[in-house]
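Trainee: Could you pick a single part of the backbone and take a close look at it with me? After that, I'd like you to carry on through whatever else is worth seeing.

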Amino acid sequence: MKEINSSEFEKEVLLGGKVILDFYSTECPPCEALASKFEALSLLYGNDIKFMKIFRQGNRDLADKLGVKSSPTLLFFDGGKEVASRLTGGVKRSEIIRNLNSMLSPEKVHEISSQIKPFVSEFDVIILGAGPGGLTAGLYLCQAKINTVLIDISLPGGHVSTTHEVSNYPGFIDPQPGYLLSHNMSEQTKLCGTIYKVAVDITKVDLEKKEVVIDEYETVKAKRIIIGTGTTPNLTGAPGEKELKGKGISYCATCDAKYFNDKEVVVIGGGNSAVEESEYITRFASKLTMVHQFDKLTANKQAQDKVFNNPKISILFENEPRSFTREGDKIITEIENVKTKSRQKLISDGVFIFIGMKPNIDLFRNSLELDQWGYIKTDQDMQTSIPGVYAVGDVISKKYRQITTAVADGTIAAMAIAKELD
Ligand SMILES: Cc1cc2nc3c(=O)[nH]c(=O)nc-3n(C[C@H](O)[C@H](O)[C@H](O)COP(=O)(O)OP(=O)(O)OC[C@H]3O[C@@H](n4cnc5c(N)ncnc54)[C@H](O)[C@@H]3O)c2cc1C
């Protein structure tokens with residue numbers, strides 16, 4: 001692996017044959033998450049593909065010229081030409097391998113794959129999911145000197161990292177940007193010494209044996225497991241939604257509202273998330289139409305008042321989306337009045353959907369006792385129906401899902417485990 005600067009780009013990269021180039025930055029958690037994967041893969045592929053790194057902040061002109069806008073960004077070159085798709089953000093090992101393999105012959109790929117040796121790593125506690133619940137459990141366990149690993153299929157932070165502002169987390173006088181709150185939570189837990197394995201593929205979870213297989217070759221074993229995998233937004237299921245996801249339909253205001261400056265948007269939903277996020281979206285959008293299936297909003301009173309007093313927001317009650325289509329750069333949302341059955345088409349620049357969540361339990365759906373909505377049942381120590389397996393945060397069966405309640409669950413599970421393992 002070699003560190004280069006922009007003056008060496010032509011010689012080392014364009015004339016360098018097969019090259020993978022990592023634009024990294026300092027103070028960049030996803031860059032840190034990538035570093036160990038990049039290094040490990042350089043040992044496997046390094047004889048056939050050159051692994052290079054370049055400091056983005058120090059080589060800004062080159063980054064701009066190549067259109068590199070975030071860190072880390074991985075670029076792949078072969079014979080001076082960029083090949084394969086660029087990878088950014090929480091880059092997974094499997095994505096890098098896919099791109100590297102596409103640059104090599106099948107025989108070479110087979111030769112390299114056969115060198116990948118499965119291995120086992122052992123900890124006291126595995127935490128699945130690095131949202132507020134998992135991060136808090138990690139912090140408490142680490143401070144109790146319990147050898148803990150946090151495993152996440154994405155980057156740490158959970159939902160908080162994409163919430164625009166959090167005003168109800170105690171300890172802060174002013175509202176905190178969600179990304180900052182989750183960043184601070186994550187850094188606190190990491191600096192304590194908890195091991196992170198993030199942006200990984202989880203291929204198998206055996207709760208009875210307390211084993212988790214990540215990236216198909218590493219088996220992580222522990223004495224206890226904490227599940228803190230949170231929830232995923234529900235889909236409306238209307239035709240066109242899946243096709244337009246990320247192409248005009250979004251589930252995250254913090255991520256995408258900024259692209260709707262002076263534009264018109266439709267929001268599906270009428271609960272707390274829909275109402276709060278609508279308020280945020282109107283910082284950018286010129287007009288927002290909420291479509292809600294009931295005859296009144298289900299958000300709390302304070303949030304409702306804000307929406308009713310916002311001149312940019314209008315609400316269509318007792319309507320549900322029936323289809324989403326794209327016409328040019330507009331999204332057409334066909335809605336149906338649930339009482340009269342009359343239909344109308346709403347033309348907008350984008351659609352945001354906030355209609356509740358479902359628990360992330362696919363990997364352990366069949367092994368745990370769940371409530372009627374599919375959330376994991378726990379006792380007062382957060383222990384599930386399997387001894388030694390705990391669950392915390394939004395994924396468990398409970399009435400109120402907030403950052404504070406996830407943090408509380410994480411605390412309880414960690415303290416119960418610390419006592420048991422003492
Ligand atoms: C738009 C929005 C706004 C909100 N605003 C507020 C607010 O202002 N105040 C407030 O208190 N609460 C708010 N909430 C609720 C709050 O974000 C959640 O209650 C809290 O994040 C729950 O934390 P958690 O740790 O249980 O799960 P999450 O935050 O959902 O984190 C779960 C983590 O698990 C990971 N994961 C998922 N599947 C797997 C798997 N199979 N293996 C390993 N890891 C996995 C995910 O990548 C994620 O990092 C908001 C929620 C949303 C959606």
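Mentor: Let's start with P72, which sits in the loop between α3 (60-66) and β4 (73-78). Keep in mind that what you're looking at is a predicted model. The peptide bond leading from S71 into P72 is cis, and its omega is near -5°.

While we're on the backbone, check phi too. A199 has a positive phi of about 55°, although it isn't a glycine. You'll find A199 in the loop between β11 and β12 (202-206), and its relative accessible area is 0%, so it counts as buried. M382 is another non-glycine residue with a positive phi, in this case near 75°. The loop that holds M382 runs between β25 (357-359) and β26 (389-391). M382 is buried as well, because its relative accessibility of 8% is under the 20% cut-off.

Staying with β11, let's move to side chains. K197 pairs with E218 in a salt bridge, and the closest N and O atoms are 2.9 Å apart. K197 belongs to strand β11 (residues 195-198) and E218 to strand β14, so the bridge ties together parts that are 21 residues apart in sequence. Both partners, K197 and E218, are buried.

β14 (218-221) also borders the loop that carries K223, with β15 (224-227) on the other side. The side chain of K223 meets that of D124 in a salt bridge, at 2.8 Å from N to O. This pair links distant parts of the chain, since D124 sits 99 residues away in the loop between β6 (119-122) and β7 (125-128). What about exposure at the two ends: is D124 buried or exposed? D124 has a relative accessibility of 17%, so it counts as buried. K223, on the other hand, is partly exposed at 47%.

The structure holds 24 salt bridges, and some of them join up. E320, R322, E334, E336 and R343 are linked in a network of salt bridges. One of the contacts to look at is E334 with R343, where the closest N and O atoms lie 3.4 Å apart. E334 is buried at 19% relative accessible area, just under the 20% cut-off, whereas R343 is partly exposed at 45%.

Now for the covalent links. A search of the whole structure turns up two disulfides. C28 is joined to C31, with an S to S distance of 2.1 Å. The torsion about that S-S bond is 75°, and the link is right-handed. C28 is buried at 7% relative accessibility, and C31 is buried at 8%.

The other disulfide joins C142 and C192, whose sulfur atoms are 2.1 Å apart. Here the S-S torsion is -105° and the link is left-handed. C142 lies in helix α6 and C192 in helix α7, so the bond ties together parts that are 50 residues apart in sequence. Its two ends fall into separate exposure classes: C142 is buried, at 12% relative accessible area, while C192 is partly exposed, at 31%.

Those two helices come up again at the second largest pocket. Helices α6 (132-143), α7 (178-192) and α12 (403-421) each give at least two residues to its lining. Which helix supplies the largest share of that lining? It's α7, with five residues. The full lining is L135, T136, L139, Y140, Y169, L181, N184, M185, Q188, T189, V407 and T411. If you sort those by type, you get seven nonpolar, five polar and no charged residues. About 220 Å³ of space lies in this pocket.

One more helix before we stop. In α11 (residues 301-308), the buried residues are A303, Q304 and V307. These three cover an arc of only 100° around the axis, which means they're on the same side of α11. The face turned away from that buried side carries the exposed residues K301 and Q302.

Terms used: Residues are numbered from 1 along each chain as its sequence is written. This is a predicted model: local features need pLDDT of at least 70, side-chain atom pairs count only at pLDDT 80 or more; totals for chains, interfaces and linings use all residues. Side-chain values use heavy atoms; hydrogens and water are left out. On a 1 Å grid over the protein atoms alone, a cavity is a set of points where a 1.4 Å probe fits but cannot get out, and a pocket is an open set with protein on both sides within 12 Å along at least five of seven lines; lining residues have an atom within 4 Å of a point. Grid points are joined across faces, edges and corners, and a volume is the space filled by probe spheres set on the points. Helices (H or I, at least four residues) and strands (E, at least two) are DSSP runs, numbered from the N terminus. Ala, Val, Leu, Ile, Met, Phe, Trp, Tyr, Cys and Pro count as nonpolar, Asp, Glu, Lys and Arg as charged, and the others, Gly among them, as polar. A salt bridge is a side-chain nitrogen of Lys or Arg within 4 Å of a carboxyl oxygen of Asp or Glu. Buried means under 20% relative accessible area, exposed over 50%, partly exposed in between (1.4 Å probe, protein chains only). A disulfide is a pair of cysteine sulfur atoms within 2.5 Å. The arc is that of the directions from the helix axis to the C-beta atoms.
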